[in-house]
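Biologist: Could you walk me through this structure, please? I would like to take it one part at a time.

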Amino acid sequence: MKVLVIGGGAREHALCRSLSQDPAVSELHCAPGNAGIAAVATVHPVDQLDGDQVTELARQLAADLVVVGPEAPLVAGVAEPLRAAGIPVFGPSAPAAQLEGSKAFAKDVMAAAGVPTARSYVCASPEEAAAALDAFGAPYVVKDDGLAAGKGVVVTADRTAALAHAAACESVVIEEYLDGPEVSLFAITDGTTVLPLVPAQDFKRALDGDHGPNTGGMGAYSPLPWAPPGLVDEVLTTVLQPTVDELRRRGTPFSGLLYAGLALTSRGTRVIEFNARFGDPETQVVLARLRTPLAGVLLAAAQGRLAELEPLRWREEAAVTVVVAAEGYPAAPRSGDVIEGLAEAEAADGTVYVLHAGTRTDQDGRVVSAGGRVLSVTATGADLAQARERAYAGVAEIRLAGSQHRTDIALKAAE
């Protein structure tokens, strides 16, 4: 099987790493890729938002499967010309991807499907936003209605800051605050059958102790020893399957990766948000635990054959990933700094490896930073404590001027 992955972050590196280890994959390509992905796949320059460019590349490569990683190409409709050309693609159509592209659309789908979520208002003016903030009270939750690369949500007790964020967005969703721990649950679906993966937890805030601004995610771990038994089955029944069924009923079937961000509140499980693709950095730890070869599962989803598959097999080991971010992230990340210690950070037995997010190779062949989140150091272990220890030992080997990382990823869960 020849596989083309679209994207160039740590999520795509994790996907490419898993696909490169799949004996069914004879050729692996990635566009545009990054410095790390180039070690496991042939990389190609492409405008990942241009469906015609992506389709032409897939044709040239005679790709048997295209896997679209990031949300922006999906919302832009990259999957449509691929499907029109008869090329199997893992990723939803633009109308279905509005589940992530518009918070208001997602709320409408959840209401129709009876999916439990926070009460909310869609606001298009400062007056509407102010009224909604006062209706719910602090802490205030203000979400940009559109895509914001994981950084469009402000949760604050400061009403002025909440209003300022609302004013900076064309349209916002303001909702009640959901208490309780958060869980990320991915599911692979072909538009009918829904195949949930193992839960993970990510860390959105930039600083230890969940302080600082929201980011795209500073680390993640799996499994969740504190999660209630039966959580995956409950979410499949009350959230994932009803959402997939509702989108199919609307004539916009969702085929690809449906990501549910959940809050385990005192009043039950509630959906915080949906994403239309693998999450980053949770993908890094979920795929680290997946034993079933990945390519066949993604192809079955693209071809509407998920019901034929055997149950997914998982490793018992725990996995932890720690994000190494550039100086100034998330507000104004610095780029162009040389990264050293990458080889030393990895373990020969594969229990620790480095996934590239924002990297490129400079004219001298050196790997340099090229984004806010630069690397994801991922490790597996017999339990979370061992996986965590290994991940941070890997982080300690990396040298990147001014870099930052959280020191408390999976700390409470490992204790």
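Modeller: The sheet comes up first below, then a helix, a lysine and a pocket. This is a predicted model, in which local features need pLDDT of at least 70, side-chain atom pairs count only at pLDDT 80 or more, and totals for chains, interfaces and linings use all residues. Residues are numbered from 1 along each chain as its sequence is written, and side-chain values use heavy atoms, with hydrogens and water left out.

Biologist: In what order do the five strands of the open sheet lie?

Modeller: The order is 3-2-1-4-5, with parallel pairing. Strands here are DSSP runs of E with at least two residues, helices are runs of H or I with at least four, and both are numbered from the N terminus. Two strands pair if DSSP finds at least two bridges between them.

Biologist: Which are the edge strands?

Modeller: They are strand 3 (42-43) and strand 5 (89-90), each of which pairs on one side only.

Biologist: And how many bridges join strand 1 to strand 4?

Modeller: Four bridges join strand 1 (residues 2-7) to strand 4 (residues 65-68). Val3 stands opposite Leu65 of strand 4.

Biologist: Which strands does helix 2 touch?

Modeller: Helix 2 (residues 51-61) packs on the sheet and touches strand 1, strand 2 and strand 4. Contact means heavy atoms within 4.5 Å.

Biologist: New topic: is helix 5 largely enclosed or not, and why?

Modeller: Helix 5 (residues 94-101) is largely enclosed by the rest of the structure, because six of its eight residues are buried. Buried means under 20% relative accessible area, calculated with a 1.4 Å probe and protein chains only. Among the buried residues are Leu99 and Glu100. The cover over them includes helix 6, helix 9 (231-249) and strand 16 (256-265).

Biologist: What about Lys107, buried or exposed?

Modeller: Lys107 is buried, at a relative accessible area of 11%. Lys107 belongs to helix 6 (residues 103-113). Leaving aside residues up to four places away in sequence, Lys107 touches Thr117, Ala118, Ser120, Val173 and Glu175.

Biologist: Lastly, which residues are closest to the centre of the second largest pocket?

Modeller: Of its 19 lining residues, those are Gln21, Leu287, Ala288, Leu290 and Arg315. On a 1 Å grid over the protein atoms alone, a pocket is an open set of points where a 1.4 Å probe fits, with protein on both sides within 12 Å along at least five of seven lines; lining residues have an atom within 4 Å of a point. Helix 1 (10-20) and helix 10 (282-289) each supply at least two residues of that lining.

Note on methods:
Axes are lines fitted to C-alpha atoms, for helices over the stretch in contact, and angles run from 0 to 180 degrees between N-to-C directions. Buried means under 20% relative accessible area, exposed over 50%, partly exposed in between (1.4 Å probe, protein chains only).
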